[in-house]
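This note is for a colleague who is new to the structure shown below. It takes up selected helix pairs and internal cavities in numbered points.

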Amino acid sequence: MSGRLDTFMHKAKSPWRLSILFAMAVPLFPEYIAPVLAVLSLLTAAVDARRCGRRLKIQPLGWVLAAFILYSGIGVLYSRTTIISLGTWLMWVVMYLLYVAMVNVLSDRHRFDAALFVMSVMAGIVGGIACVQYIANALLDFSLPWCVWQRLDDLVYRYFPMPLNLGPGAMRACSTFNNPNILGEYLAMVFPFVVYYAFVGRRTRARLGCRVCLLLAAGGIAFSFSRGSYLALVTVAVVLCVTNVNKIMLILLSLSSVVVIIPESVLARLFSIKDTDTDASIGERLDIWKICIDAIGEKPVLGYGPGVQNSWDIIIAGGINAPHAHNLVLQLLIEGGIVGLALMLFLGARTFFVAVRLARHSPRSQETRMLGILFAAFVLAFCVDSMVEYPFLTPKLVGTFVLVLAMADATRSVYMGETESRTRQTLRRWAGRLRKINRHEHDAISAAEEKPAVVAFP
């Protein structure tokens with residue numbers, strides 16, 4: 001027993017394992033700890049790169065994301081709430097370190113598999129806490145804090161007041177987050193990869209535990225009572241059914257079994273979407289969208305600057321106290337205008353393109369194909385959830401988003417053997433062709449100059 005423990009401790013001290021652990025542990029801790037974990041993840045990734053004789057690099061999705069962050073930094077200059085906009089921009093800059101760390105650490109299939117395993121475990125822990133909270137508070141009438149870090153948050157926010165401190169809704173689990181909708185958004189983002197590892201992961205001995213993590217993550221989404229996350233889960237299920245037609249009966253049977261054990265309160269929350277006349281939150285969202293559309297018309301190109309304080313002021317002026325637009329497209333238009341939205345749409349399209357290429361790269365490899373399908377499911381589920389929520393609100397949400405982008409970029413080199421982007425490959429081919437043409441022309445001119453002139457005598 002002691003030998004196994006020594007082996008585990010020795011492996012845990014390796015820099016790349018620590019980097020993965022720091023990155024994937026972000027959802028477990030409060031929002032103000034997330035930047036610290038991002039820095040630690042990058043530092044350990046740099047140590048690993050130095051030991052392996054590599055330099056830290058950025059891949060295609062990372063360059064697009066960097067362009068978005070740089071553009072947001074320009075928006076700080078003309079924002080009416082400069083300090084808060086600067087804080088939002090710094091949040092993106094620091095959480096971007098997670099991308100740099102993971103895209104360099106995930107250099108082979110063994111490391112990629114370890115990252116997916118740790119992500120599944122973390123999602124299971126977060127979802128399990130939410131399940132315990134709901135069962136204890138709603139069913140057993142045993143008082144537990146809806147936010148795990150509530151007391152620590154109260155202490156920190158007392159000395160460092162934050163402009164945005166969202167509290168939990170009534171009888172809705174928050175787990176390690178400070179709002180049930182944010183919990184649902186995090187779990188919806190990682191859920192496709194938890195599905196992947198529960199059925200295709202390489203650690204066959206841990207597969208049962210990973211399937212338990214899958215159920216706990218689904219339970220966490222259910223007890224967050226976030227209808228946007230419910231729709232994201234439905235989207236993932238639809239993608240799995242469409243792309244696995246030969247197993248559709250097994251998938252439908254599994255989904256039917258899950259539906260049977262879902263509490264009635266969860267189903268009632270899901271089907272309340274159609275009651276737009278009686279549901280206050282749906283009616284409020286419609287009013288918020290109208291206010292935001294009117295505001296976007298005044299500054300359509302560049303927006304008002306990064307940060308939700310600008311949108312909060314606009315919505316409050318319209319008579320509703322809500323911090324953001326509850327719609328990613330509208331929020332991006334408010335903060336960054338058409339330019340910011342275009343950069344984010346391009347980022348999403350590139351991620352989806354990577355997913356399609358993964359799914360089609362090697363039809364015989366179930367592992368590669370399933371990864372492509374689930375990256376596509378992530379993009380589609382993210383878009384569905386974003387229609388009613390804002391998934392870039394907090395450091396932990398931004399960190400989860402950039403983690404998935406790093407994993408998408410890492411799959412290009414790990415599973416497809418590509419060390420550079422398709423665009424760069426195309427440019428390199430054309431540059432080679434131009435050099436070849438120039439060389440032929442140069443040789444022809446040199447041959448003509450060296451050929452002796454023929455003198456004709458009359």
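At roughly what angle do the axes of helix 4 and helix 5 cross, and within what distance do they come? The first point takes this up; please bear in mind throughout that the model is predicted.

1. Helix 4 spans residues 60-78 and helix 5 spans residues 82-105; their axes cross at roughly 165° and come within 9 Å. Because of this, helix 4 is roughly antiparallel to helix 5, angles over 145 degrees being counted that way. The crossing of the two helices is left-handed.

2. The contact between helix 4 and helix 5 may be followed residue by residue. Helix 4 contributes Leu61, Gly62, Trp63, Leu65, Ala66, Phe68, Ile69, Ser72, Gly73 and Val76, which meet Thr82, Ser85, Leu86, Trp89, Trp92, Val93, Tyr96 and Tyr99 of helix 5. Sorted by class, this contact of helix 4 with helix 5 comprises 13 nonpolar and five polar residues, with no charged residues.

3. Helix 5 also meets helix 2, which covers residues 15-24; the axes of helix 2 and helix 5 come within 10 Å, with a crossing angle of roughly 140°. Helix 2 and helix 5 are therefore oblique to each other. Their crossing is left-handed. On the helix 2 side the contact involves Trp16, Ser19, Ile20 and Ala23, and on the helix 5 side Leu98, Ala101, Met102 and Val105. Seven residues of the contact of helix 2 with helix 5 are nonpolar, one is polar and none is charged.

4. A further pair is formed by helix 16 (residues 366-386) and helix 17 (residues 395-415), whose axes come within 12 Å and cross at roughly 155°. These two helices, helix 16 and helix 17, are therefore roughly antiparallel to each other. The crossing of helix 16 and helix 17 is left-handed. Their contact brings Glu367, Thr368, Leu371, Phe375, Phe378 and Phe382 of helix 16 together with Phe401, Val404, Met407, Ala408, Thr411 and Tyr415 of helix 17. By class, nine residues in the contact of helix 16 with helix 17 are nonpolar, two are polar and one is charged.

5. Attention now turns to the internal spaces. How many cavities of 30 Å³ or more does the structure hold? There are four cavities of 30 Å³ or more, and the largest cavity encloses about 120 Å³ of space. This largest cavity is lined by 16 residues, of which Phe68, Ser72, Pro306, Glu335 and Gly336 are the closest to its centre. Two of these, Phe68 and Ser72, also belong to the helix 4 contact with helix 5.

6. Which elements give two or more residues to the lining of the largest cavity? They are helix 4, helix 5 and helix 15 (328-361). Helix 4 supplies five residues, the largest share of the lining of the largest cavity. By class, that lining has nine nonpolar, six polar and one charged residues.

7. The second largest cavity has a volume of about 70 Å³. Its lining consists of Phe29, Pro30, Glu31, Cys147, Trp149, Asp153, Tyr157, Thr176, Phe177, Asn178 and Lys396. In the lining of the second largest cavity, six residues are nonpolar, two are polar and three are charged.

Definitions and conventions
Residues numbered from 1 in each chain as written. Predicted model: local features only at pLDDT ≥ 70, side-chain atom pairs only at ≥ 80, totals over all residues. Heavy atoms only, no water. Axes fitted to C-alpha atoms, helices over the stretch in contact; angles between N-to-C directions. Helix = DSSP H or I, 4+ residues; strand = E, 2+ residues; numbered from the N terminus. Parallel < 35°, antiparallel > 145°, perpendicular 65-115°, else oblique. Left-handed = near helix turned anticlockwise from the far one by under 90°. Contact = heavy atoms within 4.5 Å. Nonpolar A, V, L, I, M, F, W, Y, C, P; charged D, E, K, R; others polar. 1 Å grid on protein atoms, 1.4 Å probe; cavity = no way out; pocket = protein on both sides within 12 Å on 5 of 7 lines; lining within 4 Å. Points joined across faces, edges and corners; volume = space filled by probe spheres on them.
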